Amino acid sequence: MSFIGDTMKALRNVLLLQEDVRQLKDMVTSQSGRLAALAEAHAALRDRVSRLEGVIEGAAMATRQRRIEE
């Protein structure tokens, strides 16, 4: 009876481990989607910052040229 009990426990553990692996796969898939969205948001933010830097540099250059002309 001990052999059958040990076999059943091992089978139960295997099934529980398979369920855990399935849940981990689902979590990884979900996280990869979130990471992709975060990467897109980062790229959009980087582009906005670059445009703002360009505007600031342009305003600074325009201010310097006015001082030279004065």
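The legends below guide you through several close-up views of this predicted model.

**View 1. A nonpolar patch on the surface.**
Let us start with five side chains that belong together: F3, I4, M8, L11 and L15 make up a nonpolar patch on the surface. Taken together, these residues offer about 580 Å² of accessible area. One of them, L15, has its place in helix α1, which covers residues 2–69. L15 is partly exposed, since its relative accessible area is 49% and the partly exposed range ends at 50%.

**View 2. The salt bridge between R22 and E19.**
Here, R22 pairs with E19 in a salt bridge, and their closest N and O atoms are 2.5 Å apart. Both residues lie in helix α1. Along that helix they are three residues apart, about one turn. How accessible are the two partners? R22 has 40% relative accessibility and counts as partly exposed, while E19, with a relative accessible area of 32%, is partly exposed too.

**View 3. The salt bridge between D26 and R22.**
R22 appears again in this view, where its side chain meets that of D26 in a salt bridge, with 2.8 Å from N to O. Why are D26 and R22 separated by about one helical turn? The reason is that they are four residues apart in helix α1. D26 counts as partly exposed, at 42% relative accessibility.

**View 4. A network of three residues.**
Now put the two previous views side by side. E19, R22 and D26 are linked in a network of salt bridges. Within this network, R22 bridges to E19 at 2.5 Å and to D26 at 2.8 Å. If you would like to trace the network yourself, begin at E19, pass to R22, and go on to D26.

**View 5. The salt bridge between R46 and D47.**
Which residue forms a salt bridge with R46? The partner is D47, and the closest N and O atoms of this pair are 4.0 Å apart. R46 counts as partly exposed, having 47% relative accessibility. D47 is also partly exposed, and its relative accessible area is 38%.

**View 6. The salt bridges in overview.**
How many salt bridges does the structure hold? There are three. Among them you have met R22 with E19, D26 with R22, and R46 with D47.

Methods: Residues numbered from 1 in each chain as written. Predicted model: local features only at pLDDT ≥ 70, side-chain atom pairs only at ≥ 80, totals over all residues. Heavy atoms only, no water. Patch = residues over 30% accessible without salt bridge, like charges linked within 9 Å, V, L, I, M, F, W, Y side chains within 5 Å. Areas by Shrake-Rupley, 256 points an atom, 1.4 Å probe, with all protein chains shown as cover. Helix = DSSP H or I, 4+ residues; strand = E, 2+ residues; numbered from the N terminus. Buried < 20%, exposed > 50% of the residue type's maximum accessible area, 1.4 Å probe, protein only.
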